[in-house]
Amino acid sequence: TGPPATVVESSGVLDKIKSRADVLVAGYFPDLASAEYKVFTEVADSIDDYEFFYTTDSGVIEDAKANSVVLFKTFDEGRNDMEVTSSTSADELKTFVTGMAMQK
């Protein structure tokens, strides 16, 4: 099945992915050895319904804070952000992703 999340190197690539997906999940993690990134990959590995992407570059996901997950979608408000801390559980992040990915 491959890695749970795919690296995205530029905002142009991210825009192309967004144009072909109803829902996608992208994380900005400056340190891939961090607890925050580990929670992200754990959740990405547990959800097969959506594609997960990540970057270590602050310029790829517009207005994303370090150690945050952005859910892009083609409905409702179009975007939801969640900051991930070292105390964020996989269940909390999974609840955010699955809840925000559903149309209201």
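Tutor: Buried means under 20% relative accessible area, exposed means over 50%, and partly exposed lies in between (1.4 Å probe, protein chains only). Helices (H or I, at least four residues) and strands (E, at least two) are DSSP runs, numbered from the N terminus. The model is predicted: local features need pLDDT of at least 70, side-chain atom pairs count only at pLDDT 80 or more, and totals for chains, interfaces and linings use all residues. Residues are numbered from 1 along each chain as its sequence is written, and side-chain values use heavy atoms, without hydrogens and water.

Student: Which residues of α3 are buried?

Tutor: Look along helix α3, residues 90-100. The buried residues there are A90, L93, F96 and V97.

Student: Why do they count as being on the same side of α3?

Tutor: Take the directions from the helix axis to the C-beta atoms; the arc is measured out by these. A90, L93, F96 and V97 are the buried residues. They lie on the same side of α3 because the arc they cover around the axis is only 130 degrees.

Student: Which residues are exposed on the other side of α3?

Tutor: Start with D91, a residue of helix α3. Its relative accessibility is 59%, so D91 counts as exposed. With its partner, the exposed residues on that other side are D91 and T95.

Student: Which elements give two or more residues to the negative patch?

Tutor: A patch takes residues with over 30% relative accessible area and no salt bridge, joining like charges within 9 Å and nonpolar side chains (Val, Leu, Ile, Met, Phe, Trp, Tyr) within 5 Å. Asp and Glu count as negative. Here the negative surface patch consists of E42, D45, D48, D49, D91 and E92. The elements that give two or more of these residues are α2 (35-46) and α3 (90-100).

Student: How many salt bridges are there?

Tutor: The rule asks for a side-chain nitrogen of Lys or Arg within 4 Å of a carboxyl oxygen of Asp or Glu. D81 and R79 form one such pair, with the closest N and O atoms 2.8 Å apart. By this rule, the number of salt bridges is six.

Student: How far apart are the closest N and O atoms of K18 and D15?

Tutor: Both residues sit in helix α1 (residues 11-20), three residues apart, so about one helical turn separates them. K18 is partly exposed at 28%, and D15 is partly exposed at 43%. They form a salt bridge, and the distance between their closest N and O atoms is 3.6 Å.

Student: Is K73 buried or exposed?

Tutor: K73 forms a salt bridge with E77, the closest N and O atoms being 2.8 Å apart. Its partner E77 is partly exposed, at 41% relative accessibility. K73 has a relative accessible area of 7%, so K73 is buried.

Student: Which residues are linked in a network with K73?

Tutor: K73 already has a salt bridge to E77. The network of salt bridges also takes in another lysine, so K73 is linked with E77 and K104.

Student: Where is N67?

Tutor: Phi of N67 is near 55 degrees, a positive value in a residue other than glycine. N67 is buried, with 19% relative accessible area. Its place is the loop between β3 (51-55) and β4 (68-73).

Student: What is phi of D76 near?

Tutor: D76 lies in the loop between β4 and β5 (79-83). D76 is partly exposed, at 38% relative accessible area. Its phi is positive, in a residue other than glycine, and near 50 degrees.

How values were computed. Accessible areas come from the Shrake-Rupley method with a 1.4 Å probe; for residues, only the protein chains shown count as cover. The place of a charge is taken as NZ of Lys, CZ of Arg, CG of Asp or CD of Glu.
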